[in-house]
Amino acid sequence: MKLGPVELPALAVPRLGPAAFRRRAVVHLAFLLLALATVGLVLTVLIDQKQRAYQRYAQGFRQSLAEIVLQLRHPSGQLALLNPTMSAGGRDGQAPVLLPFSAIDFDDQNKAQRAVEMAGCGLRWPDGASLCAAVGASAYAGGFLYLVGSLESGPLTGREHGALDLAGVHRARVTLTLRGQTQTWIAPFEGAAAADGTQRGRLTGFIGAGPQLPGKARPVREFRGWLWREGPCAEGSSGPFCARRTFYSIRLPVEAFQEALFDGDGHRARPVWPPADLDQARVRVELLGPANAANGEPPPVLFDSARPGASLAQSLDRIGASLQPGETLRIERQGRQPQTIAERRGPELSERALPWLIHVMRRLPVRGEVLGVGADTDAAEVRWLTASDEVATPSGRYRLDLRGDLRSLDRQLALEARPLAWLAAAMLSAVALAWLMVELGLIRGIAVLTRRAAAVSYNMQDARADQRIGELDVADLRGRDELGILAGSLADALSRVKDGLRREQLRAEREREMWHAVGHEIMSPLQSLMLLHGAPDDPSHRYVQRMQQAVKVLYGSAPPSEALASADLHPEVLDLAAFCREVAGNAHYAGIEDVTFATELSGPQPVHAEAYALEDAVTHVLRNADRYRPRGTPIALTLEAGEPGTLLLRIRNQGPAIDEAMLEKIFEYGVSDTAPQAAGERRGQGLFVAKTYLAKMDGGIRAFNVPEGVVFEMTLRRAAA
């Protein structure tokens, strides 16, 4: 009889509740939280970065002003304040500068050198030469111009006392241009060399340019100068005539400056100092060597302050070089009419930040306490930081005002935060892309598949549809991706289940019909056999009884597995040792030859078992062992004591081992390594019967491999003697 599916009209599917889409909501919420966490993390980092940057900037802002003030209070800084227009000079000479000292002790080499080095006064040339042309800070120290410098030179040739020809000696020539007038002094060196090669002597000043002095030339009384040549030899030279560092110090009288110190009656007046036209004056210093009279060449110039390449050791332009972008430093000279002498600005940012990122950085909350203002003040409301201080110099007081623009700091922070912003944008883009891929490529498909699967499940809940499985239409969801494979697999699995269910129904029905027919046809011959072999000593009597018992178990049942599982056994006390001897002795009647039995146990070994069921189980195992043993090898039955209260019946054969993965599965119904034959033998039923019967007798069975064979071990419970 063939059964087909029951065709019923399609059932209405109710609307799915929120619980059916809970996973989808969780996925959406997870992506949303991930995006919010990314934004929150970036904002937290930016806020912390901004707060730290503001705090560092506020501290550095005040420290920057303190460093500038400290620098300006140093003599070199005061020199820059006093000479805001100080420059490196040119072809017409150098403009004298105003020193932060009243005067220079030009007669002492160490004091004069220390004074110009401390003040940072003078020009520097690449070959190491230097020159400082300056006036003292006090007008009442006398209107003198100080010239202090150094260079490297060889041995110096001095002037003999009273000599008028200066062409063969070393000499200094000084030219001063002031208020439209030019005045020149020539100062020959007067001194001798010491035994160690060092030299020291005077520079005696005369009016004129030389090299020939007039017959009655007298030195200028106020012109004073010294020259020292000492120290180690310069690099690359040696010996007593090597080049050494030569230092000179000259005090030059300037009549225009001295006349300003007195009024017309010869009394001291209150001059304006420094002179207003000091930066208009030009002084040029030349150091000349002896001329070679034989060749008629001009004297060699050892040093000329008008040559190019000079650089300032210190100037007001260098003050504030460490200013940050957005900072402005203004230096103002105090007095009745304050005068701004310099204004410096920090560098401009070389890169432009993103406008929206600047806006974000400006809006990030930072408390005002990091800027040194009120703790309740929002730093976003503070746009400027200001600080001021004063520096006192011999010529007056100077006020320094430093102003910092926090908007420039925000732009700088926006530049620094640009990589983090791009990283955040990349992370958010990745989150959005992942969400789109999951939503469009998976979640929506899963939702469609869920609704269609729910329709199939709901259709199966109808009482009339117990033999019907609904159709799962996934034609639009099939594909090569994960969802397409899953949908196709579900549809294919459902189709196979439907086909398998139909086949199982047909097989079960056929099997049931077969067993009904077999039972009906066999029971009558068995009754006749029982009469023919009714004698107790007839060996066939026992086997006829077993066949009758088996038919009773299976008769009228559905599958054999269900019939065996539902069979009722009636265990009794059985001597297992005698039973095993009898089974081994009668095995040849069942077609199993060379079965031996051995035990070391003495006396009866009572167990709880049913004789027919136990003999059936042992016979199935013996048939299995006989099937796989090599021809002519024996099958050994052994009986020994197991754990307390148990006996172990072992059946061993020689032959191939069983795959380790199959040692547990061979006791399942239908498991066999050979295809079923037409007569129904070898269908994987014997070991299942043995396991089922032993389990009903509170026993068990297992199999394991031994060298060159397999052992089946049956466990039975002892019975009281």
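This passage describes the disulfides and one open sheet of the structure, which is a predicted model.

A search of the whole structure identified two disulfides. When the bonded cysteines of the chain are numbered in sequence order, the pairing reads 1-2, 3-4.

One of the two links joins Cys-121 to Cys-132, with a distance from S to S of 1.8 Å. This link is right-handed, with 85° about the S-S bond. Cys-121 is located in the loop between helix 3 (109–119) and strand 2 (123–124), whereas Cys-132 belongs to strand 3 (residues 130–135); the disulfide therefore ties together parts that are eleven residues apart in sequence. Both Cys-121 and Cys-132 are buried.

Another disulfide is formed by Cys-233 and Cys-242, for which the S to S distance is 1.9 Å. Here the angle about the S-S bond is -70°, and the link of Cys-233 and Cys-242 is left-handed. The relative accessibility of Cys-233 is 29%, so this residue counts as partly exposed. Cys-242 has a relative accessibility of 2% and therefore counts as buried, because the limit for a buried residue is under 20%. A further cysteine, Cys-580, likewise counts as buried, because its relative accessibility is 1%.

The later part of this account concerns an open sheet. Five strands make up this sheet in the order 19-21-22-24-23, and their pairing is mixed. The edges are occupied by strand 19 (595–599) and strand 23 (700–706); each has a single partner strand, so one side of each is left without a neighbour in the sheet. From one strand to the next, the twist averages 20°. In general, the strands of a sheet pair through backbone hydrogen bonds, in either a parallel or an antiparallel sense. The pairing of strand 19 with strand 21 (residues 635–641) is parallel and extends over five bridges. Within strand 21, Thr-638 is the residue that stands opposite Ala-598.

Two helices are described in relation to these strands. Helix 11 (residues 611–628) lies across strand 19, strand 21, strand 22 (646–654), strand 23 and strand 24 (709–717). The direction of helix 11 is at about 25° to strand 22. Helix 12 (residues 686–696) also packs on the sheet, where it touches strand 23 and strand 24. The direction of helix 12 makes about 130° with that of strand 23.

Conventions. Residues numbered from 1 in each chain as written. Predicted model: local features only at pLDDT ≥ 70, side-chain atom pairs only at ≥ 80, totals over all residues. Heavy atoms only, no water. Disulfide = S-S within 2.5 Å. Helix = DSSP H or I, 4+ residues; strand = E, 2+ residues; numbered from the N terminus. Buried < 20%, exposed > 50% of the residue type's maximum accessible area, 1.4 Å probe, protein only. Pairing = 2+ DSSP bridges. Axes fitted to C-alpha atoms, helices over the stretch in contact; angles between N-to-C directions. Contact = heavy atoms within 4.5 Å.
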